[in-house]
Amino acid sequence: MKNILTVLELLPLFGVIALWLTPKENTKLIKQTAVAASLLTLVESFIAVWNFDIKFKGFQLVESYNWISAFHIKYAVGVDAISLTLILLTTILVPIVFIAGWHESEDGRFSPKTFYVLMLVLETMMIGVFAATDVFLFYVIFEAMLIPVYFLIAGYGRGERAAAALKFLLYSLFGGLLMLAAVIGIYIISTNQGVGTFDVNELSKLTIDQSTQNWLFLGFFIAFAIKAPLWPFHTWLPGAAKSATAGTSTLLLGILDKVGTYGMIRFCLTLFPGATKTFAPWIITLAVISILYGAILAIGQKDINSMIAFTSISHFGFITLGIFALTSQGISGATFYMINHGFSTAALFLTAGWIVKRRGSSQIADLGGLQRVVPVLAWSFFIAGLSALALPGLSSFVSEFLVLIGSFSQYPVATIFATTGIVLAALYVLLVVQRALHGEVKSGNESMVDLNLREKLAIAPVIALLVFLGFYPKPVLHPLNVATSTVMSQIGVTDPIAKADK
Amino acid sequence: MLSAPHLNYALLAPILIILGAALLGVLVEAFISKALRSRLQIGISLIAVIAAFIQLIRVRNLTSTSAAVGSVAIDGAGIYIQLIILALAFVGLLYIADTDNFTAQASAIPGSTEEASSIAAGSQQTEVFPLTLFAIAGMMLFPIATDLITLFVALEVLSLPLYLMSGLSRRRRLLSQEAALKYFLLGAFSSAFFLFGAAFLYGYSGSLSLNGIADGVHSSGANSVFLLIGIIFLSVGLLFKVGAVPFHSWTPDVYQGAPTPITGFMAACTKAAAFGAMLRIFYVGFNDVQWDWKPIISAIAVITMVFGAIAAIVQRDVKRTLAFSSITHAGFILIAVVALSKNGLAAALFYFISYGFATLGAFGIVTLVRDSSGEITDLNRWSGLGKRSPLVASAFSLFMLSFGGIPLTAGFIGKFSVFTASYESGNINLVVFGVLTSAVALFFYLKIVLMIFFGESRSDTLTVVIPSILTRVAISICVIVTILLGVYPSLIFNSLQTFATFLH
């Protein structure tokens, strides 16, 4: 089968066309169509996995067509294990978000139909951004995908949604513009060296002098750091997470923000190895600050959604730490972390979303004693929380452990600081669990209804995956290791060998 | 023996068709009854523009410097700019066809009984069509003219009708007339500057043709102070027409006061024509003294971008906002001028298209949002437009996103190609300024989008009129071009690779 990836990108768009044909009033049919389209996409992504060769180094399922030949721009897609797992994360989470947030689309400023159109367009772009192997194509999707997210936050969110959406958009676009300058820069360098290309493989073979590398690296890195988000570029995130619907937050933090950390590996590391080594210690510092800052602020949050947002800042710190440790354990740990963080954030946002919807308030202080009223919902939230604090036996433990081992050999002091993040994580999760789930049943909570079958169906696969990958990470971790070794050889670094005592 | 100068009529035909149609339009005004005039004029104008367009396509592969005794150069870039101007003018004419925007009788004093009676009689000011055609002819001549006299004549031919047309608004006539007067006075000044510069260049090189001036630079016997003064004053005249800072002060007032269809036409076409001429003058005439003028024009480009973007943020009036936005875009195009390369020229030409159609589309939508006293240009009253009329709001937002340079719109490709050309020529600092200004500019474009879709609707009197078929076609063309060139810009760039050249 040819063009697997293109078909994968197009399937959600076919869903959009199908939605366009369904009558506006028939909300149920609209939702079913959207779910069907996302499930079809999921099936196609399994076909992609089936055709993927784990041992092969480099991009697979590649397609390349001329797009704007005046600038040597191609529509070029291809995947390695890192991008394929992220695509899989996308195709799994989108139907779950649809099923979990069945009524999310109904009280927005626009119609439910628009909600699903935006979501499916976003899915196409999320797949496309991970599949792109042409830097220009990546950039175009990277920027264009902000528009549907903007309308999803501002059109369907809560509270100060319009302002939060605008802040998110301006931050991201600003980062994107810096990246545009760097994208143009590297293209001109390739032209001057006689190649003239946007192909990421070709670009990684260029020889670029150190000072130019540094500038271009920063152009890419700041864009990704805003996206990821890394302290001090994170300020847009809590507002956006607080205002967006549970489903939008899930996709925003679970997948979209991964474009930042994914971009660091794919572009910062492989295109500018020299600059990466120069900046690594600084970035490690920022990562550790993010870990501690996110964790400490998470403890103090009163709003459950902003608490989850701050935990994510801490987790993105771990991912960045793993990437810039430049060891194979660190990078594979970070790539695996991205997947786990996707699922565990999804579990947190979705369960928190249900709680907020039922209670009508997102203040942690208003909750209490949920365990007795809504046991299934409470347990789901609890497991999601445990996954966020990386409890052994859940998949996030594996990745966090790998990241810490991988970075300890290079940056022992930073790693020790980062490890305290784990303690803080236990604190912020267990405090919320204690306040929200246990204790007296607070007034207003008595009549809460537990999860229905639809909601159980939505959350079950996420929890199952968290547990399964916790005990048996190999099916995901092994291919990631292969991809990581390719990245390592591209940057030209090897793992430090433990010094034997003489 | 005196021999008549040789004219190559086939190559000059596009301009002659437009001029002929304009004269025909004058005759129509004189001899045809009022009832028929308006339709006939629309028909003549549109057919003339289409015919000129077809003729240009037919001669597209011919090049000549002697089509009119060396006064014009028919070359790839010249033909391309003319095609762009005609395409933009076509859309502009579709708006102008809605004569409801123009005063019933321009000579009547605002508020007088004479005005009231002519409104009651249902008269229409159909002279606007021949005036538009004269302006188009001037715009077509301006970027292909190769000597300073022809350049000046073209400049006046395109400007004079525009001064008049700015004053023809049906509503808020005093504002409109003030705008026209201001435009005329400042325009006259800038023409004087242009002539002054031309005189100095003649004094320097002993020639009025661009090639002659370029040769004069080589022979280098002359006093180069004359050359510098000439370049500076000539540039002032041109920069005034494109609305670059510090010669921009007419732009917001004229854009606001002029009838909106005229504003759209003027903003899109004048910019293409004036920049076309500017590109030719700098690429052909002043190429060898680039180290003298590049720093100045670079500085003006930066000031223009930054000032336009910052001033636009505080505007309350949609037409003024678009005016400052056009100033910012003038700055971006100046970056392409400074790039001084084939890619820079191609980028500028693409930018004319992406900017031009988005501008025409945006002004077209401004004509639709009205209350009983005419167009509503107060941005606050646009708040919540998305709820009332989602389609119109979406189209307007699309144009804003294209202005802002969001990927998958033509505006993004325009910006990308300008920045690429500039980077390639080594002007990396201009790219950095351009990128930072884009971020500032995005702020006000997105604020408008935000207000339209998410603001509370405040005015109950606001209505979105059902557009006439011609206006609907015009806006649709703009939407399609903006999306199509955003997704598949090769449609234009493939042809630009052969056409983006000037004859020397």
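**Exercise 1. Is Arg37(B) buried or exposed, and what is its relative accessible area?** Then find its charged partner and check whether that partner is buried or exposed.

*Solution.* Keep in mind that we're working with a predicted model.

- Step 1: Look up the accessibility. Arg37(B) has a relative accessible area of 17%.
- Step 2: Compare with the cut-off. Buried means under 20%, so Arg37(B) is buried.
- Step 3: Look for the partner. Arg37(B) makes a salt bridge with Glu29(B), and their closest N and O atoms sit 3.5 Å apart.
- Step 4: Repeat the check. Glu29(B) comes out at 13%, so this residue is buried as well.

**Exercise 2. Work out which parts of chain B are tied together by the salt bridge between Asp75(B) and Arg280(B).**

*Solution.* Start with the pair itself, then place each end.

- Step 1: The closest N and O atoms of Asp75(B) and Arg280(B) are 2.9 Å apart, and the two form a salt bridge.
- Step 2: Asp75(B) belongs to the loop between helix H2 (34–58) and helix H3 (76–96) of chain B, while Arg280(B) is in helix H11 (residues 260–285) of that chain, so the bridge ties together parts 205 residues apart in sequence.
- Step 3: Now the surroundings. Asp75(B) is buried at 1% relative accessibility, and Arg280(B) is buried at 2%.

**Exercise 3. Do the analysis again for Asp253(B) and Lys182(B), which form a salt bridge.**

*Solution.* The steps are the ones you already know.

- Step 1: Here the closest N and O atoms are 2.4 Å apart.
- Step 2: Asp253(B) lies in helix H10 (residues 250–257) of chain B and Lys182(B) in helix H7 (residues 173–205) of chain B, so the pair joins parts that are 71 residues apart in sequence.
- Step 3: Check exposure. Asp253(B) counts as partly exposed at 21%, and Lys182(B) counts as partly exposed at 28%.

Over all chains, the count is 12 salt bridges. Chain A has a network of them linking Arg358(A), Arg454(A) and Glu455(A).

**Exercise 4. Describe the interface of chain A and chain B: what does it bury, and which element of chain A gives the most to it?**

*Solution.* Go from the overall figures to the details.

- Step 1: Together the chains bury about 3,100 Å², with 81% of that on carbon and sulfur atoms.
- Step 2: Chain A brings 36 residues to the contact and chain B brings 34 residues.
- Step 3: Search for polar links. There are zero salt bridges across the interface, but three residue pairs are in polar contact.
- Step 4: Find the elements. On chain A, strand S1 (60–68), helix H5 (135–144), helix H6 (146–156) and helix H7 (161–192) each supply at least two residues. H7(A) gives the most, with 15 residues.
- Step 5: Sort by class. The side of chain A that touches chain B has 30 nonpolar, four polar and two charged residues.

**Exercise 5. Why can helix H4 of chain A be called largely enclosed?** Compare its span with the expected one too.

*Solution.*

- Step 1: H4(A), residues 112–131, has 20 residues and reaches 29 Å from first C-alpha to last, close to the 28 Å expected.
- Step 2: Of those 20 residues, 17 are buried, so H4(A) is largely enclosed by the rest of the structure.

**Exercise 6. Where is Gln213(A), and what does its side chain reach?**

*Solution.*

- Step 1: Gln213(A) is in helix H9 (residues 210–227) of chain A, and it is buried at 8%.
- Step 2: Its side chain reaches the backbone oxygen of Ile208(A) at 3.3 Å.
- Step 3: Residues touched by Gln213(A) include Phe272(A), Pro273(A) and Gly274(A).

Terms used:
Residues are numbered from 1 along each chain as its sequence is written. Chains are lettered from A and ligands numbered from 1 in the order in which they are written. This is a predicted model: local features need pLDDT of at least 70, side-chain atom pairs count only at pLDDT 80 or more; totals for chains, interfaces and linings use all residues. Side-chain values use heavy atoms; hydrogens and water are left out. A salt bridge is a side-chain nitrogen of Lys or Arg within 4 Å of a carboxyl oxygen of Asp or Glu. Buried means under 20% relative accessible area, exposed over 50%, partly exposed in between (1.4 Å probe, protein chains only). Helices (H or I, at least four residues) and strands (E, at least two) are DSSP runs, numbered from the N terminus. The expected span of a helix is 1.5 Å times one less than its number of residues. Contact means heavy atoms within 4.5 Å. Buried area is the accessible area (1.4 Å probe) that two parts lose on being put together, summed over both. A polar contact is a pair of N or O atoms within 3.5 Å; within protein, one must be able to donate a hydrogen and the other to accept it, and residues adjacent in sequence count only if both atoms are side-chain atoms. Ala, Val, Leu, Ile, Met, Phe, Trp, Tyr, Cys and Pro count as nonpolar, Asp, Glu, Lys and Arg as charged, and the others, Gly among them, as polar. Lists of a residue's contacts leave out its neighbours within four places in sequence.
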